[in-house]
Amino acid sequence: AKHQGRGQCCLFAARMDESIKTRQLMASELRQALQQEKLQVYYQPLMNIDGSRVMGLEALLRWHHPGKGFVPPAEFIPIAEETGQIVQLGEWVLREACRVARQWPQLSIAVNVSPIQFRSAGFVERISEIVRSEQADSQQIELEITEGVLMDDTQEAKVIIDGLRAAGFRIALDDFGTGYSSLNYLSHFPVDKIKIDRSFIQSLDSGENATAIIESVVKLGHAMGLTVTAEGVETSSQMSALAEAGCNQLQGYLFSEAIPPDRIASLLSSGDYS
Ligand code: C2E
Ligand code: CA
Ligand code: CA
Ligand code: CA
(Lines give C-alpha, C1' and ligand atoms only; values in the text may rest on other atoms or scores of the structure.)
(Ligands and ions follow the chains in the order given, each with its own letter.)
Protein backbone atom coordinates (compact mmCIF):
# COMPACT_ATOMS: atom_id res chain seq x y z
CA ALA A 1 0.00 0.00 0.00
CA LYS A 2 2.89 2.27 0.86
CA HIS A 3 4.52 1.52 -2.47
CA GLN A 4 1.33 2.35 -4.32
CA GLY A 5 1.08 5.64 -2.44
CA ARG A 6 4.51 6.62 -3.63
CA GLY A 7 3.61 5.75 -7.19
CA GLN A 8 0.58 7.98 -6.99
CA CYS A 9 2.69 10.72 -5.58
CA CYS A 10 5.15 10.52 -8.49
CA LEU A 11 2.35 10.42 -10.98
CA PHE A 12 0.87 13.47 -9.31
CA ALA A 13 4.23 15.26 -9.41
CA ALA A 14 4.63 14.37 -13.07
CA ARG A 15 1.19 15.76 -13.85
CA MET A 16 1.98 18.92 -11.92
CA ASP A 17 5.15 19.28 -13.91
CA GLU A 18 3.22 18.70 -17.11
CA SER A 19 0.64 21.31 -16.25
CA ILE A 20 3.30 23.86 -15.32
CA LYS A 21 4.98 23.26 -18.68
CA THR A 22 1.68 23.59 -20.50
CA ARG A 23 1.01 26.86 -18.74
CA GLN A 24 4.49 28.20 -19.42
CA LEU A 25 4.12 27.29 -23.07
CA MET A 26 0.74 28.96 -23.25
CA ALA A 27 2.11 32.08 -21.57
CA SER A 28 4.89 32.41 -24.13
CA GLU A 29 2.55 31.68 -27.04
CA LEU A 30 0.20 34.30 -25.72
CA ARG A 31 3.02 36.84 -25.52
CA GLN A 32 3.87 36.07 -29.15
CA ALA A 33 0.24 36.24 -30.23
CA LEU A 34 -0.07 39.71 -28.72
CA GLN A 35 3.15 40.90 -30.40
CA GLN A 36 2.21 39.42 -33.76
CA GLU A 37 -1.34 40.69 -33.58
CA LYS A 38 -2.87 37.21 -33.61
CA LEU A 39 -5.39 38.19 -30.97
CA GLN A 40 -8.69 39.74 -31.86
CA VAL A 41 -11.37 41.64 -30.05
CA TYR A 42 -14.91 40.59 -30.82
CA TYR A 43 -18.03 42.50 -29.79
CA GLN A 44 -21.31 41.23 -28.36
CA PRO A 45 -24.33 43.55 -28.48
CA LEU A 46 -26.25 44.75 -25.43
CA MET A 47 -29.88 45.16 -26.44
CA ASN A 48 -32.76 47.22 -25.16
CA ILE A 49 -35.45 45.34 -23.28
CA ASP A 50 -37.44 44.05 -26.25
CA GLY A 51 -34.32 43.21 -28.20
CA SER A 52 -35.13 45.69 -30.96
CA ARG A 53 -32.17 48.02 -30.59
CA VAL A 54 -28.42 47.75 -29.96
CA MET A 55 -27.48 49.93 -26.98
CA GLY A 56 -23.87 48.98 -26.67
CA LEU A 57 -21.19 46.37 -27.27
CA GLU A 58 -19.02 44.31 -24.93
CA ALA A 59 -15.43 43.75 -26.05
CA LEU A 60 -14.38 40.09 -25.67
CA LEU A 61 -10.91 38.73 -26.36
CA ARG A 62 -10.49 36.02 -28.99
CA TRP A 63 -7.40 33.93 -29.64
CA HIS A 64 -7.20 31.78 -32.74
CA HIS A 65 -4.23 29.56 -31.98
CA PRO A 66 -2.40 28.28 -35.11
CA GLY A 67 -2.44 24.66 -33.87
CA LYS A 68 -5.21 24.42 -31.32
CA GLY A 69 -7.77 26.59 -33.06
CA PHE A 70 -9.98 28.73 -30.87
CA VAL A 71 -8.75 28.95 -27.27
CA PRO A 72 -11.50 30.23 -24.93
CA PRO A 73 -10.66 33.21 -22.66
CA ALA A 74 -11.50 31.03 -19.64
CA GLU A 75 -8.35 29.05 -20.49
CA PHE A 76 -5.87 31.83 -21.18
CA ILE A 77 -7.06 34.75 -19.05
CA PRO A 78 -6.13 32.99 -15.76
CA ILE A 79 -2.64 32.33 -17.16
CA ALA A 80 -2.31 35.92 -18.30
CA GLU A 81 -3.29 36.96 -14.77
CA GLU A 82 -0.66 34.69 -13.22
CA THR A 83 2.10 36.06 -15.42
CA GLY A 84 0.96 39.67 -15.25
CA GLN A 85 0.44 39.80 -19.04
CA ILE A 86 -3.19 40.66 -18.38
CA VAL A 87 -2.21 44.29 -17.80
CA GLN A 88 -0.77 44.65 -21.29
CA LEU A 89 -3.56 42.53 -22.77
CA GLY A 90 -6.26 44.59 -21.09
CA GLU A 91 -4.71 47.81 -22.32
CA TRP A 92 -4.56 46.45 -25.85
CA VAL A 93 -8.25 45.49 -25.71
CA LEU A 94 -9.11 49.00 -24.49
CA ARG A 95 -7.13 50.55 -27.36
CA GLU A 96 -9.01 48.43 -29.88
CA ALA A 97 -12.32 49.19 -28.18
CA CYS A 98 -11.58 52.94 -28.38
CA ARG A 99 -11.36 52.68 -32.16
CA VAL A 100 -14.76 51.02 -32.28
CA ALA A 101 -16.11 53.65 -29.87
CA ARG A 102 -14.94 56.41 -32.19
CA GLN A 103 -16.57 54.78 -35.16
CA TRP A 104 -19.91 54.25 -33.37
CA PRO A 105 -20.40 57.29 -31.10
CA GLN A 106 -24.02 56.33 -30.30
CA LEU A 107 -22.95 53.07 -28.63
CA SER A 108 -21.48 52.45 -25.23
CA ILE A 109 -18.50 50.12 -25.34
CA ALA A 110 -17.87 47.79 -22.39
CA VAL A 111 -14.38 46.53 -21.59
CA ASN A 112 -13.56 43.86 -18.99
CA VAL A 113 -11.00 44.75 -16.36
CA SER A 114 -9.19 41.98 -14.50
CA PRO A 115 -8.69 42.44 -10.74
CA ILE A 116 -4.92 42.32 -11.38
CA GLN A 117 -5.17 45.12 -13.93
CA PHE A 118 -7.46 47.11 -11.66
CA ARG A 119 -4.84 47.04 -8.88
CA SER A 120 -1.84 47.60 -11.12
CA ALA A 121 0.18 50.75 -10.44
CA GLY A 122 -0.98 53.80 -12.37
CA PHE A 123 -4.07 52.01 -13.74
CA VAL A 124 -6.34 55.07 -13.89
CA GLU A 125 -3.67 57.27 -15.46
CA ARG A 126 -2.65 54.68 -18.04
CA ILE A 127 -6.12 53.88 -19.29
CA SER A 128 -7.04 57.57 -19.36
CA GLU A 129 -3.96 58.15 -21.51
CA ILE A 130 -4.97 55.34 -23.89
CA VAL A 131 -8.42 56.85 -24.37
CA ARG A 132 -6.90 60.27 -24.90
CA SER A 133 -4.34 59.08 -27.43
CA GLU A 134 -7.05 57.22 -29.35
CA GLN A 135 -9.14 60.40 -29.29
CA ALA A 136 -12.07 58.52 -27.85
CA ASP A 137 -14.51 59.74 -25.22
CA SER A 138 -14.16 58.07 -21.81
CA GLN A 139 -17.88 58.66 -21.23
CA GLN A 140 -18.56 56.15 -23.95
CA ILE A 141 -16.45 53.49 -22.21
CA GLU A 142 -17.91 51.25 -19.54
CA LEU A 143 -15.45 49.27 -17.42
CA GLU A 144 -16.70 45.89 -16.21
CA ILE A 145 -15.32 44.81 -12.87
CA THR A 146 -16.37 41.95 -10.59
CA GLU A 147 -17.59 42.15 -7.02
CA GLY A 148 -14.37 40.57 -5.77
CA VAL A 149 -12.48 43.68 -6.82
CA LEU A 150 -14.44 45.73 -4.30
CA MET A 151 -14.25 43.21 -1.50
CA ASP A 152 -10.54 43.20 -0.76
CA ASP A 153 -8.90 46.41 0.31
CA THR A 154 -12.14 48.32 0.12
CA GLN A 155 -10.45 51.64 0.82
CA GLU A 156 -8.06 51.35 -2.09
CA ALA A 157 -10.83 50.05 -4.36
CA LYS A 158 -12.90 53.12 -3.58
CA VAL A 159 -10.01 55.45 -4.44
CA ILE A 160 -9.57 53.71 -7.81
CA ILE A 161 -13.30 53.76 -8.59
CA ASP A 162 -13.49 57.44 -7.70
CA GLY A 163 -10.49 58.09 -9.97
CA LEU A 164 -12.10 56.22 -12.85
CA ARG A 165 -15.32 58.15 -12.49
CA ALA A 166 -13.49 61.45 -12.25
CA ALA A 167 -11.80 60.49 -15.54
CA GLY A 168 -15.28 60.03 -17.08
CA PHE A 169 -15.54 56.23 -17.20
CA ARG A 170 -18.69 54.38 -16.26
CA ILE A 171 -18.48 51.28 -14.09
CA ALA A 172 -20.49 48.07 -14.41
CA LEU A 173 -20.47 45.26 -11.87
CA ASP A 174 -20.10 42.02 -13.83
CA ASP A 175 -21.37 38.55 -12.87
CA PHE A 176 -23.54 40.12 -10.20
CA GLY A 177 -24.85 37.68 -7.62
CA THR A 178 -21.98 35.21 -7.83
CA GLY A 179 -19.81 36.96 -5.25
CA TYR A 180 -20.52 37.70 -1.63
CA SER A 181 -21.45 41.32 -1.77
CA SER A 182 -24.96 42.55 -1.16
CA LEU A 183 -26.72 45.42 -2.82
CA ASN A 184 -26.40 47.25 0.47
CA TYR A 185 -22.63 46.84 0.28
CA LEU A 186 -22.80 48.28 -3.21
CA SER A 187 -24.16 51.56 -1.96
CA HIS A 188 -20.62 52.40 -0.79
CA PHE A 189 -19.35 52.29 -4.36
CA PRO A 190 -20.52 54.63 -7.07
CA VAL A 191 -21.17 52.14 -9.88
CA ASP A 192 -23.52 52.75 -12.80
CA LYS A 193 -24.71 49.31 -13.74
CA ILE A 194 -25.09 45.77 -12.52
CA LYS A 195 -25.01 42.79 -14.83
CA ILE A 196 -26.99 39.91 -13.38
CA ASP A 197 -25.00 36.72 -13.84
CA ARG A 198 -26.04 34.22 -16.47
CA SER A 199 -26.69 31.52 -13.84
CA PHE A 200 -29.75 33.45 -12.57
CA ILE A 201 -31.11 33.88 -16.08
CA GLN A 202 -30.71 30.15 -16.72
CA SER A 203 -32.61 29.20 -13.59
CA LEU A 204 -35.59 31.26 -14.81
CA ASP A 205 -36.54 28.22 -16.89
CA SER A 206 -36.53 25.80 -13.98
CA GLY A 207 -39.02 27.82 -11.94
CA GLU A 208 -37.28 28.02 -8.56
CA ASN A 209 -36.92 31.44 -7.00
CA ALA A 210 -35.02 33.02 -9.87
CA THR A 211 -37.91 35.34 -10.75
CA ALA A 212 -38.16 36.66 -7.21
CA ILE A 213 -34.40 37.12 -6.93
CA ILE A 214 -34.17 38.96 -10.23
CA GLU A 215 -37.16 41.15 -9.39
CA SER A 216 -35.63 42.21 -6.09
CA VAL A 217 -32.21 42.89 -7.66
CA VAL A 218 -33.92 45.07 -10.28
CA LYS A 219 -35.96 46.91 -7.67
CA LEU A 220 -33.03 47.65 -5.40
CA GLY A 221 -30.78 48.44 -8.34
CA HIS A 222 -33.27 50.99 -9.64
CA ALA A 223 -33.71 52.47 -6.17
CA MET A 224 -29.97 53.10 -6.23
CA GLY A 225 -30.17 54.67 -9.67
CA LEU A 226 -28.42 51.79 -11.46
CA THR A 227 -29.01 50.31 -14.88
CA VAL A 228 -29.73 46.58 -14.67
CA THR A 229 -28.53 44.28 -17.44
CA ALA A 230 -29.20 40.54 -17.76
CA GLU A 231 -26.41 38.36 -19.16
CA GLY A 232 -26.70 35.11 -21.06
CA VAL A 233 -30.23 35.52 -22.39
CA GLU A 234 -30.83 32.56 -24.68
CA THR A 235 -34.61 32.17 -25.04
CA SER A 236 -37.55 34.43 -25.72
CA SER A 237 -39.28 33.20 -22.57
CA GLN A 238 -36.29 34.43 -20.56
CA MET A 239 -36.57 37.74 -22.42
CA SER A 240 -40.23 38.19 -21.46
CA ALA A 241 -39.57 37.25 -17.83
CA LEU A 242 -36.76 39.82 -17.70
CA ALA A 243 -38.94 42.50 -19.29
CA GLU A 244 -41.61 41.67 -16.74
CA ALA A 245 -39.06 42.03 -13.94
CA GLY A 246 -38.12 45.51 -15.23
CA CYS A 247 -34.58 44.84 -16.48
CA ASN A 248 -33.10 47.58 -18.67
CA GLN A 249 -30.81 45.71 -21.02
CA LEU A 250 -30.31 42.20 -22.34
CA GLN A 251 -27.25 40.39 -23.63
CA GLY A 252 -27.03 36.86 -24.93
CA TYR A 253 -27.04 34.36 -27.76
CA LEU A 254 -30.75 35.02 -28.35
CA PHE A 255 -29.61 38.24 -30.07
CA SER A 256 -26.05 37.62 -31.11
CA GLU A 257 -22.79 36.04 -30.04
CA ALA A 258 -19.65 38.19 -30.10
CA ILE A 259 -18.81 39.21 -33.67
CA PRO A 260 -15.69 40.64 -35.34
CA PRO A 261 -15.64 44.44 -35.74
CA ASP A 262 -16.19 44.26 -39.50
CA ARG A 263 -19.65 42.83 -38.85
CA ILE A 264 -20.84 45.62 -36.52
CA ALA A 265 -22.13 47.75 -39.40
CA SER A 266 -24.38 44.99 -40.69
CA LEU A 267 -25.52 44.13 -37.15
CA LEU A 268 -26.64 47.74 -36.69
CA SER A 269 -28.28 48.10 -40.08
CA SER A 270 -30.02 44.74 -40.17
CA GLY A 271 -33.74 45.53 -40.14
CA ASP A 272 -34.06 43.81 -36.78
CA TYR A 273 -31.87 46.12 -34.76
CA SER A 274 -32.02 49.60 -36.25
P1 C2E B 1 -17.87 37.71 -19.05
O2 C2E B 1 -17.23 39.06 -18.93
O3 C2E B 1 -18.90 37.36 -18.08
O4 C2E B 1 -18.39 37.66 -20.55
C5 C2E B 1 -19.57 37.01 -20.95
C6 C2E B 1 -19.27 35.62 -21.48
O7 C2E B 1 -20.49 34.94 -21.71
C8 C2E B 1 -18.54 35.63 -22.82
O9 C2E B 1 -17.73 34.45 -22.87
C10 C2E B 1 -19.70 35.50 -23.81
O11 C2E B 1 -19.30 34.99 -25.07
C12 C2E B 1 -20.58 34.53 -23.07
N13 C2E B 1 -21.98 34.62 -23.45
C14 C2E B 1 -22.64 35.68 -23.95
N15 C2E B 1 -23.95 35.38 -24.16
C16 C2E B 1 -24.12 34.11 -23.77
C17 C2E B 1 -25.26 33.22 -23.76
O18 C2E B 1 -26.38 33.56 -24.12
N19 C2E B 1 -25.04 31.97 -23.28
C20 C2E B 1 -23.82 31.55 -22.86
N21 C2E B 1 -23.70 30.30 -22.43
N22 C2E B 1 -22.73 32.36 -22.86
C23 C2E B 1 -22.88 33.63 -23.31
P24 C2E B 1 -16.22 34.50 -23.34
O25 C2E B 1 -16.04 35.46 -24.47
O26 C2E B 1 -15.80 33.08 -23.52
O27 C2E B 1 -15.47 35.13 -22.10
C28 C2E B 1 -15.40 34.46 -20.87
C29 C2E B 1 -14.83 35.36 -19.81
O30 C2E B 1 -13.46 35.68 -20.10
C31 C2E B 1 -15.54 36.70 -19.71
O32 C2E B 1 -16.74 36.55 -18.97
C33 C2E B 1 -14.48 37.52 -18.99
O34 C2E B 1 -14.48 37.23 -17.62
C35 C2E B 1 -13.20 36.96 -19.59
N36 C2E B 1 -12.76 37.87 -20.67
C37 C2E B 1 -13.06 37.88 -21.99
N38 C2E B 1 -12.44 38.91 -22.63
C39 C2E B 1 -11.74 39.57 -21.68
C40 C2E B 1 -10.87 40.73 -21.69
O41 C2E B 1 -10.65 41.41 -22.70
N42 C2E B 1 -10.30 41.08 -20.48
C43 C2E B 1 -10.54 40.38 -19.33
N44 C2E B 1 -9.94 40.80 -18.19
N45 C2E B 1 -11.35 39.32 -19.29
C46 C2E B 1 -11.94 38.91 -20.45
CA1 CA C 1 -18.05 41.05 -18.82
CA1 CA D 1 -20.38 38.47 -16.98
CA1 CA E 1 -18.26 35.61 -16.20
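Q: A polar contact is a pair of N or O atoms within 3.5 Å, and within protein one of the two must be able to donate a hydrogen and the other to accept it; why is the pairing of the side chains of Gln36 and Lys38 called a polar contact?
A: In this predicted model, the contact that joins the side chains of Gln36 and Lys38 has a length of 3.3 Å, and because the cut-off is 3.5 Å, the pair falls within the limit.

Q: Where does Gln36 lie, and why does Gln36 count as partly exposed?
A: Gln36 has its place in the loop between helix 1 and strand 1. Its relative accessibility is 46%, and because the middle class runs between 20% and 50%, Gln36 counts as partly exposed.

Q: What makes Glu37 an exposed residue, and what is notable about its phi angle?
A: Glu37 is also found in the loop between helix 1 (2-35) and strand 1 (39-47). Because exposed means over 50% and Glu37 has a relative accessible area of 65%, Glu37 is placed in the exposed class. Its phi is positive, at about 55°, although Glu37 is not a glycine.

Q: How do you know which residues belong to the surroundings of ligand 1, and how many are there?
A: A residue counts if one of its heavy atoms lies within 4 Å of the ligand, and 20 residues surround ligand 1, the closest being Gln44, Arg62, Asp174, Glu234 and Tyr253. By residue type, this shell divides into eight nonpolar, five polar and seven charged residues.

Q: What makes the approach of Gln44 to ligand 1 a polar contact?
A: A polar atom in the side chain of Gln44 lies 3.0 Å from a nitrogen atom of ligand 1, and because the limit is 3.5 Å, this pair qualifies. The side chain of Glu58 has an N or O atom 3.3 Å from an oxygen atom of ligand 1, and the side chain of Asp175 has one at 3.2 Å from an oxygen atom of the ligand; both distances lie within 3.5 Å and therefore meet the cut-off as well. As for cover, ligand 1 has 800 Å² of accessible area on its own, and the protein covers 82% of this area.

Q: In which pocket does ligand 1 sit, and which elements give two or more residues to its shell?
A: Ligand 1 sits in the largest pocket, a statement that requires more than half of the atoms of a molecule to lie within 2 Å of the grid points of the pocket. The elements that give two or more residues to the shell are strand 2 (54-65), helix 2 (73-83), helix 3 (85-103) and strand 6 (170-176). Strand 2 gives the most, with four residues.

Q: Why is Asp175 called partly exposed?
A: Asp175 is found in strand 6. Its relative accessible area is 27%, and because this value falls between 20% and 50%, Asp175 is called partly exposed. Asp175 also has a positive phi of about 55° although it is not a glycine.

Q: Why does Gln238 count as buried, and what does its side chain reach?
A: Gln238 has its place in helix 11 (residues 236-245). Buried means under 20%, and because the relative accessibility of Gln238 is 2%, the residue counts as buried. The side chain of Gln238 reaches the backbone nitrogen of Glu234 at 2.7 Å.

Q: What makes Gln85 a buried residue, and how many Å separate its C-alpha atom from that of Pro115?
A: Gln85, in helix 3, has a relative accessible area of 10%, and because this is under 20%, Gln85 is buried. Its C-alpha atom is separated by 13 Å from that of Pro115, with the two residues 30 apart along the chain.

Q: How do you know that Gln117 is buried?
A: Gln117 lies in helix 4 (residues 115-118), and because its relative accessibility of 3% is under 20%, Gln117 counts as buried. The C-alpha atoms of Gln117 and Gly84 are separated by 8.3 Å, although the two residues are 33 residues apart along the chain.

Terms used
Residues numbered from 1 in each chain as written. Chains lettered and ligands numbered in written order. Predicted model: local features only at pLDDT ≥ 70, side-chain atom pairs only at ≥ 80, totals over all residues. Heavy atoms only, no water. Areas by Shrake-Rupley, 256 points an atom, 1.4 Å probe, with all protein chains shown as cover. 1 Å grid on protein atoms, 1.4 Å probe; cavity = no way out; pocket = protein on both sides within 12 Å on 5 of 7 lines; lining within 4 Å. Nonpolar A, V, L, I, M, F, W, Y, C, P; charged D, E, K, R; others polar. Buried < 20%, exposed > 50% of the residue type's maximum accessible area, 1.4 Å probe, protein only.
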